[in-house]
Amino acid sequence: QLQLVESGGGLVQPGGSLRLSCAASGFTLDDYAIGWFRQAPGKEREGVSCISRRGAVTNYANSVKGRFTISRDNAKNTVYLQMNSLKPEDTADYYCASERTILFTRCVLGQYEYDYWGQGTQVTVSS
């Protein structure tokens with residue numbers, strides 16, 4: 001059974017950091033590009049960051065560039081999202097998703113390209 005499980009969310013003060021993890025089971029992560037998305041209350045889901053199969057290519061939404069870093073450890077079947085300098089507007093449910101691709105450099109922020117989704121982890125940035 002293919003499954004993605006996010007963890008690492010929580011409550012953090014503005015300016016703080018969190019590291020989210022996305023653990024895959026039931027499939028080999030190496031065959032997939034992985035994206036992180038978020039959805040704030042009352043807003044549409046948006047792409048935050050993505051990483052290609054071997055990590056050669058990464059993309060970030062303008063709103064998180066310079067603050068968030070995506071990485072992956074295929075040996076551990078896990079993708080990470082390091083979030084620094086967090087702002088209240090980063091508050092949202094964060095989801096990881098996988099896109100099976102033969103391309104080693106493919107990495108897109110469009111949510112409709114992704115096949116499997118995790119259940120999400122909540123991030124709240126508040127003082």
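1. A good place to start is a side-chain pair: Asp-30 and Asn-74 are joined by a polar contact of 3.1 Å between their side chains. Please keep in mind that this is a predicted model.

2. Where does Asp-30 lie? Its place is the loop that links strand S3 (18-25) to strand S4 (32-39). Asp-30 counts as buried because its relative accessibility is 18%, and the cut-off for buried is under 20%.

3. The surroundings of Asp-30 deserve a look too. Leaving aside residues up to four places away in sequence, Asp-30 touches Arg-53, Arg-54, Arg-72 and Asn-74. For a sense of the fold around this loop residue, Thr-101 is 71 residues from Asp-30 in sequence, yet their C-alpha atoms are 9.7 Å apart in space.

4. Moving on from the loop, S4 runs antiparallel to S5, and five bridges join the two strands. One bridge pair to look up is Arg-38 with its partner Glu-46 in S5. The two strands make a hairpin with six residues between them, and in the turn Gly-42 has a positive phi of about 80 degrees.

5. Is strand S5 mostly covered or mostly uncovered? Spanning residues 46-51, S5 is mostly covered, with five of its six residues buried.

6. On to the next strand: S5 also pairs with S6 (residues 58-60), in the antiparallel sense and over three bridges. Here Ser-49 has Tyr-60 in S6 as its bridge partner. S5 and S6 form a hairpin as well, with six residues between the strands, and Gly-55 takes a positive phi near 90 degrees there.

Technical notes:
Residues numbered from 1 in each chain as written. Predicted model: local features only at pLDDT ≥ 70, side-chain atom pairs only at ≥ 80, totals over all residues. Heavy atoms only, no water. Helix = DSSP H or I, 4+ residues; strand = E, 2+ residues; numbered from the N terminus. Buried < 20%, exposed > 50% of the residue type's maximum accessible area, 1.4 Å probe, protein only. Contact = heavy atoms within 4.5 Å. Polar contact = N/O pair within 3.5 Å; in protein donor to acceptor, adjacent residues only side chain to side chain. Pairing = 2+ DSSP bridges.
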